[in-house]
Amino acid sequence: MNFLRTLTTRAAIPKSSLQSSYSTAATAAASKTKGNVMELVDSQQVQAANADGRRELFSRKNHKGVRPGSVVLVETYNGPGEKTTSTFMGICTAIRRKGIDTSFTLRNIVMRVGVEQRFALYSPLLKSIKVLQKPTELRVRRAKLNYLRDQPGKVFTSLQSLWKQEQLDKQK
């Protein structure tokens, strides 16, 4: 190893000759924007996927949007190209904001078993998101509500009445 160091220092090759002088489209785009190329690509993907205003629903600045503790009803397609849908209603326990990879976690008790589902916000399989109850009524003070896993009866009893009301409204 020391032999290589002494060999390279004695050769005294100028650094400019070691650097490549070609330019790619990525480096040209980076020099024009003077920022991170991945941030630019991510923001373009979010704008393309945000056709129905999902970004504003999960924005930190939107106080009327989804927050941890909100009761949310999510309708998803069962598969790509299928017309059948399934619904899941639960309490939003966490929101992970990572650009195009933004996701949120819902928790509910189904047949006396705790069920958590994580949904990708910009997934094409996500049909609709509806906020049924705001977190101000539930008195939530945390960003991640993982403590609800240990207290199954704390909030989930009111979800059954909300589910019945939503089904009645859907039939009308």
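Strands are counted here as paired if DSSP finds at least two bridges between them, and the model shown in these views is a predicted one.

**View 1. The open sheet and its edges.** In this predicted model, 5 strands are arranged as an open sheet whose order is β4-β3-β2-β1-β5, with antiparallel pairing. Because β4 (113–120) and β5 (126–133) each have a single partner strand, they stand at the edges of the sheet, and one side of each is left without a neighbour there. From one strand to the next, the twist averages 35°.

**View 2. The pairing of β2 with β3.** Strand β2, which covers residues 85–96, runs antiparallel to strand β3, residues 103–110, and the two pair over 5 bridges. Within this pair of strands, I91 stands opposite R107 in β3.

**View 3. The largest nonpolar core.** This core holds 15 residues, and of these F104 and L106 touch the most other members. Two or more residues are given to the core by each of the elements β1 (71–77), β2, β3 and β5, and the largest share, 3 residues, comes from β2.

**View 4. The surroundings of F104.** When neighbours within four places in sequence are left aside, F104 is in contact with F58, V74, C92, A94 and I95, as well as with Q117, R118, F119, L121, L126 and I129.

**View 5. The second core.** Separate from the core described above, a second core of 9 residues includes V71, I91, V155 and L159. One of these residues, I91, is also the residue that stands opposite R107 in β3.

Note on methods
Residues are numbered from 1 along each chain as its sequence is written. This is a predicted model: local features need pLDDT of at least 70, side-chain atom pairs count only at pLDDT 80 or more; totals for chains, interfaces and linings use all residues. Side-chain values use heavy atoms; hydrogens and water are left out. Helices (H or I, at least four residues) and strands (E, at least two) are DSSP runs, numbered from the N terminus. Axes are lines fitted to C-alpha atoms, for helices over the stretch in contact, and angles run from 0 to 180 degrees between N-to-C directions. A nonpolar core is a set of buried Ala, Val, Leu, Ile, Met, Phe, Trp, Tyr and Cys residues joined through side-chain atoms within 4.5 Å. Buried means under 20% relative accessible area, exposed over 50%, partly exposed in between (1.4 Å probe, protein chains only). Contact means heavy atoms within 4.5 Å.
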